[in-house]
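Colleague: I am new to this structure and would like to understand one part of it well. Please choose a single place, look at it closely, and then lead me outwards from there.

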Amino acid sequence: QVQLVESGGGLVQAGGSLRLSCAASGRSFVGYHWAWFRQAPGKEREFAAGISWNGGRRLYADSVKGRFTVSRDNAKNTVNLQMNSLTPDDTAIYYCAADARILTTTRTDYMYWGQGTQVTVSS
């Protein structure tokens with residue numbers, strides 16, 4: 001069965017960095033577009049960053065642009081999110097998602113989802 005598992009979350013001070021990873025199993029995800037979404041307490045799940053299947057296109061929410069970098073390794077079915085200059089506003093559960101059709105910022109367009117990993121940024 002297809003499974004996506006995020007890791008790398010934790011507690012970090014403002015200004016620090018974290019690197020999240022998402023490992024997929026059950027099938028090859030070559031040809032799939034990947035994205036990271038996040039959901040802060042009391043807020044809707046929102047798009048953070050995405051990458052096309054061949055890595056040629058990347059999308060970032062304005063709130064993370066210049067601070068976050070998304071990358072992928074298709075041979076290992078993994079996608080990563082390097083997060084720098086973190087602020088308390090980045091505190092959220094972070095989810096990875098995959099879809100074969102398009103690279104999109106809309107969460108309902110994604111077929112596969114991970115369980116999420118908690119990122120907490122202290123002041």
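Modeller: A salt bridge is taken here as a side-chain nitrogen of Lys or Arg within 4 Å of a carboxyl oxygen of Asp or Glu. The model is predicted, so local features need pLDDT of at least 70 and side-chain atom pairs pLDDT 80 or more, while totals for chains, interfaces and linings use all residues. Residues are numbered from 1 along each chain as its sequence is written, and side-chain values rest on heavy atoms, without hydrogens or water.

The place I would choose is Asp-90, which forms a salt bridge with Arg-67, the closest N and O atoms being 2.7 Å apart. Asp-90 lies in the loop between β8 and β9 and Arg-67 in the loop between β6 and β7, so this pair ties together parts that are 23 residues apart in sequence; strands, numbered from the N terminus, are DSSP runs of E with at least two residues. Asp-90 has a relative accessible area of 1% and counts as buried, and Arg-67, at 17%, is buried as well, where buried means under 20%, exposed over 50% and partly exposed in between, with a 1.4 Å probe and protein chains only.

A second salt bridge joins the side chains of Asp-90 and Arg-38, with 2.8 Å from N to O. This pair also links distant parts of the chain, since Arg-38 belongs to strand β4 and Asp-90 to the loop between β8 and β9, 52 residues apart. Both Arg-38 and Asp-90 are buried. Taken together, Arg-38, Glu-46, Arg-67 and Asp-90 are linked in a network of salt bridges, and in the model as a whole the count comes to six salt bridges.

Another of these bridges offers a contrast in its surroundings. The side chains of Glu-44 and Arg-107 meet at 3.3 Å, N to O, and because Glu-44 lies in the loop between β4 and β5 while Arg-107 lies in the loop between β9 and β10, the pair ties together parts that are 63 residues apart in sequence. Glu-44 is exposed, with a relative accessible area of 58%, whereas Arg-107, with 34%, is partly exposed.

From the network we can move to the strands beside it. Strand β4 (residues 33–39) pairs with β5 in the antiparallel sense over five bridges, a pair of strands being accepted if DSSP finds at least two bridges between them. Phe-37 has Phe-47 in β5 as its bridge partner. The two strands form a hairpin with six residues between them, and Gly-42 in the turn has a positive phi of about 75 degrees. On to the next strand, three bridges join β5 to strand β6 (residues 58–60), again running antiparallel, and here the bridge partner of Ala-49 is Tyr-60 in β6. The hairpin of β5 and β6 has six residues between the strands, with Gly-55 at a positive phi near 75 degrees. Five of the six residues of β5 (residues 46–51) are buried, so this strand is largely enclosed by the rest of the structure.

Just before β5, another charge meets aromatic rings. The charged end of Arg-45 sits over the ring of Tyr-95, 3.7 Å from its centre, and also over the ring of Trp-113, 5.2 Å from its centre; the rule asks for NZ of Lys or CZ of Arg within 6 Å of the ring centre and within 35 degrees of the ring normal.

The loop holding Asp-90 runs from β8 to β9, and each of these strands leads to β3. Six bridges join β3 (residues 18–25) to β8 (residues 78–83), which run antiparallel, and in this pairing Leu-20 stands opposite Leu-81. On the side of β9, Cys-22 and Cys-96 form a disulfide, their sulfur atoms 1.9 Å apart, within the limit of 2.5 Å. Cys-22 lies in β3 and Cys-96 in strand β9 (residues 92–99), so that the bond links parts of the chain 74 residues apart. A search of the whole structure finds one disulfide, and both of its ends are enclosed, Cys-22 being buried at 0% relative accessible area and Cys-96 likewise at 0%.

Note on methods. Helix = DSSP H or I, 4+ residues; strand = E, 2+ residues; numbered from the N terminus.
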